[in-house]
There are 2 protein chains.
Amino acid sequence: MGRPSRKAAAAAGPVVEPTEVAGHSGGEMRAFRRSLPMALLKAREAVMARFRPLLHEHDLTEQQWRVLRALTTADGFRAGELARVSSISMPSLSRILRTLEKRGLIQRGIEDKDLRAAQISITPSGRDMIALIAPHSERRYAEITAAFGADRLATLYGLLDELADCLGGADGDGGDEE
Amino acid sequence: MGRPSRKAAAAAGPVVEPTEVAGHSGGEMRAFRRSLPMALLKAREAVMARFRPLLHEHDLTEQQWRVLRALTTADGFRAGELARVSSISMPSLSRILRTLEKRGLIQRGIEDKDLRAAQISITPSGRDMIALIAPHSERRYAEITAAFGADRLATLYGLLDELADCLGGADGDGGDEE
DNA sequence: CCGATTTATATAACATGTTAAATATTAACA
DNA sequence: TGTTAATATTTAACATGTTATATAAATCGG
């Protein structure tokens with residue numbers, strides 16, 4: 001039941017006033033409220049809350065879904081490429097591939113020219129899974145777009161892309177240490 | 001060192017062409033490239049890459065830092081409030097508090113009126129840690145602001161806030177399950 | 001006052017993120 | 001050729017995210 005009654009329980013602190021934090025009073029350390037990582041995190045959380053239940057119904061995590069999706073865009077992948085494309089670190093990907101392979105959703109082979117390179121591809125079972133979930137996922141996307149506005153969404157995409165580009169290019173190492 | 005090292009090794013796939021994904025060609029399922037969670041994730045990663053090394057020097061994780069920062073904004077916190085303010089789930093927070101307490105950076109007490117509510121506060125050691133790191137953190141922030149532009153950053157903040165607000169209000173539960 | 005329901009916090013179990021190190025294979029080079 | 005460096009992937013160790021459950025204390029209903 002989604003009664004909006006539980007907010008009161010949180011705001012009714014008896015002894016201390018955390019309102020000072022949740023509200024807007026201090027003028028010295030407001031950087032905590034204006035935290036870019038936190039803002040990005042909260043936005044992501046809000047978005048993922050729309051997709052997680054859907055994936056969870058099919059016993060898939062967000063990352064497993066990203067991997068499967070990526071595998072539908074080409075015939076074979078090397079692990080490194082897959083990690084880059086799906087924004088998953090290699091150690092995580094290694095575990096995810098093990099899981100997905102056990103479930104028969106992906107296949108692994110080895111490249112002839114380079115024996116250390118894996119050749120990863122999706123199986124028919126994996127494609128079935130995609131086909132089963134994709135329409136629902138698309139609908140959630142449409143809902144989000146409708147709720148937020150296509151134009152603002154486009155602006156947001158642009159800014160996020162530029163931010164990652166702007167910071168990702170010059171890493172914190174060779175910068176201007178003083 | 002400065003060899004025009006071959007990322008060609010990745011693009012010169014012998015059997016398949018992952019270039020189709022890493023590059024920009026496919027026109028059927030590009031929703032994967034236009035993934036909002038991924039865009040938010042990548043932007044967050046780019047930002048965090050600027051802060052992580054700094055925190056890591058003092059053996060702090062991003063989340064531990066968020067908790068410490070939050071604790072400087074009020075005299076006492078209940079665990080639930082702390083979790084909300086720092087955007088950390090209660091299970092994670094529970095573990096983090098255990099760690100920070102062992103390191104002497106925070107203190108835990110119990111409220112008189114409500115014996116199940118914890119009273120969490122930062123210790124002098126914790127404040128020292130904050131004082132040590134905060135200036136560097138502020139400088140990283142200034143760098144990011146300078147690189148991306150204060151105006152665009154403000155716009156981004158606004159959009160992120162609106163997105164979380166727009167989606168967070170109406171949760172995915174009471175929606176249109178069909 | 002007693003029992004059932006809520007609230008606050010903690011714990012369990014599993015998956016992922018992060019960092020470092022191990023392993024295996026290829027490339028570079030003396 | 002043989003030794004070393006670079007590359008691709010995996011594993012290890014620890015911290016966190018996610019979901020479900022447990023524990024304790026407060027609140028409600030009788």
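Which helix gives the most residues to the surface near DNA strand D? In this predicted model, that helix is α6(A), with 5 residues. At least two residues each are also supplied by other elements, among them α3 (36–57) and α5 (79–86) of chain A and α4 (62–71) of chain B. In total, 28 residues surround DNA strand D, and A:G80, A:R108, A:R116, B:S92 and B:R95 come nearest. By class, this surface is made up of 11 charged, 9 nonpolar and 8 polar residues.

Of the strand D atoms within 4 Å of the protein, 67% are part of sugar or phosphate, and the rest are part of bases. Phosphate oxygens of DNA strand D lie 2.4 Å from a side-chain N or O atom of A:R108, 2.5 Å from a polar side-chain atom of B:S92 and 3.1 Å from one of A:R52.

A:R52 also forms a salt bridge with A:E45, at an N to O distance of 3.0 Å. Both partners are partly exposed, with relative accessible areas of 37% for A:R52 and 38% for A:E45.

Over all chains, the count of salt bridges comes to 16. One of them links A:E62 and A:R66 at 2.8 Å. These two residues are 4 positions apart in helix α4 (residues 62–71) of chain A, so about one helical turn separates them. A:E62 is buried at 10% relative accessibility, as is A:R66 at 7%. In chain B, B:D114 and B:R116 form a salt bridge with their closest N and O atoms 2.8 Å apart. Here B:D114 is buried at 16%, whereas B:R116 is exposed at 75%. Shared salt-bridge partners join A:R44, A:E62 and A:R66 into one network.

Note on methods. Residues numbered from 1 in each chain as written. Chains lettered and ligands numbered in written order. Predicted model: local features only at pLDDT ≥ 70, side-chain atom pairs only at ≥ 80, totals over all residues. Heavy atoms only, no water. Near = heavy atom within 4 Å. Polar contact = N/O pair within 3.5 Å; in protein donor to acceptor, adjacent residues only side chain to side chain. Nonpolar A, V, L, I, M, F, W, Y, C, P; charged D, E, K, R; others polar. Salt bridge = Lys/Arg side-chain N within 4 Å of Asp/Glu carboxyl O. Buried < 20%, exposed > 50% of the residue type's maximum accessible area, 1.4 Å probe, protein only.
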